[in-house]
Amino acid sequence: MLNNYSIINSLYELLPRLDLANGKRTELRALIQSIELDFNSVKSYCCWNKNHYTRNLIRRTEEYELLVLCWQKGQFCPIHDHGEQDCFMYIITGELEETQYQLNEQKSSKKSLVEIKRNVYGSRNKICIFSATLWHSVKVLSEQAVTLHFYSKPIDKCRIYYPETKEMSTCQLNYSNDNKINELAI
Ligand SMILES: [Fe+2]
């Protein structure tokens with residue numbers, strides 16, 4: 001997407017500008033797509049867990065939520081939506097496979113999702129999901145990966161889809177750095 005914003009390469013520059021956007025969807029989309037962050041920009045938020053990926057909060061306002069996720073090889077998140085909010089994902093380091101699905105709006109009790117895109121992404125790649133009917137799954141291929149996630153507005157719950165049974169469940173989303181959030185205010 002073309003926009004008039006120059007490259008934003010630090011959280012110190014990004015966060016005040018996101019706040020100034022005051023929830024305007026088009027401005028937030030343009031700003032977040034202008035980022036080019038490296039690992040040093042987010043390393044103070046990073047931690048890994050050998051059993052699952054971690055979700056580490058950078059900043060949350062009424063209008064948006066910015067997280068850094070840390071992954072190890074083979075860790076994944078199942079097919080999910082984003083609570084009808086914008087989702088933007090930026091790969092800081094590592095390599096991952098992302099698969100996108102389109103929700104089939106049937107009126108039957110069991111909804112179905114159709115795979116529409118599957119790609120491998122590496123550092124500095126950007127993924128936008130700006131439609132409520134787009135779902136996706138992510139699996140990490142490299143030894144480690146660090147990804148930046150932006151949601152507008154914040155999301156506390158998402159739906160998970162199980163292709164085997166075509167059923168869905170609601171999942172509560174938590175932060176892995178709950179106990180450190182106050183110390184990390186930037
Ligand atoms: Fe997602």
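**Close-up 1. Strands S1 and S2 side by side.** In this predicted model, strand S1, residues 54-60, runs antiparallel to S2, and six bridges join the two. Four residues lie between S1 and S2, and together the strands form a hairpin. To find one rung of this pairing, look for Arg-55: its bridge partner in S2 is Leu-69.

**Close-up 2. Strand S2 and its cover.** Is S2 mostly covered or mostly uncovered? This strand, made up of residues 65-72, is mostly covered, with seven of its eight residues counted as buried. For comparison, 28% of the 186 residues in the protein chain count as buried.

**Close-up 3. Strands S2 and S9.** Let us stay with S2 and turn to another neighbour. Strand S9 covers residues 144-152, and eight bridges join S2 to S9 in an antiparallel arrangement. Which residue of S9 is the bridge partner of Leu-69? That partner is Thr-147. Leu-69 is thus a handy landmark, having Arg-55 as a bridge partner and Thr-147 in S9 as another.

**Close-up 4. Stepping back to the whole chain.** The protein chain has three helices and 11 strands. Starting from the N terminus, the three α elements come before the β elements. The radius of gyration is 16 Å, close to the 16 Å that the globule rule gives for 186 residues, so the chain is as compact as a globular protein of that length. Its C-alpha trace spans about 45 × 35 × 30 Å along the principal axes. Of the contacts between residues at least 6 apart in sequence, 70% join residues at least 24 apart.

Technical notes:
Residues are numbered from 1 along each chain as its sequence is written. This is a predicted model: local features need pLDDT of at least 70, side-chain atom pairs count only at pLDDT 80 or more; totals for chains, interfaces and linings use all residues. The radius of gyration is taken over C-alpha atoms; the globule rule is 2.2 Å times the number of residues to the power 0.38. A residue is buried if 20 or more other C-beta atoms lie within 10 Å of its own, exposed if 12 or fewer, and partly exposed in between; C-beta atoms are placed from the backbone. Two residues are in contact if their C-beta atoms, placed from the backbone, lie within 7 Å. Two strands pair if DSSP finds at least two bridges between them.
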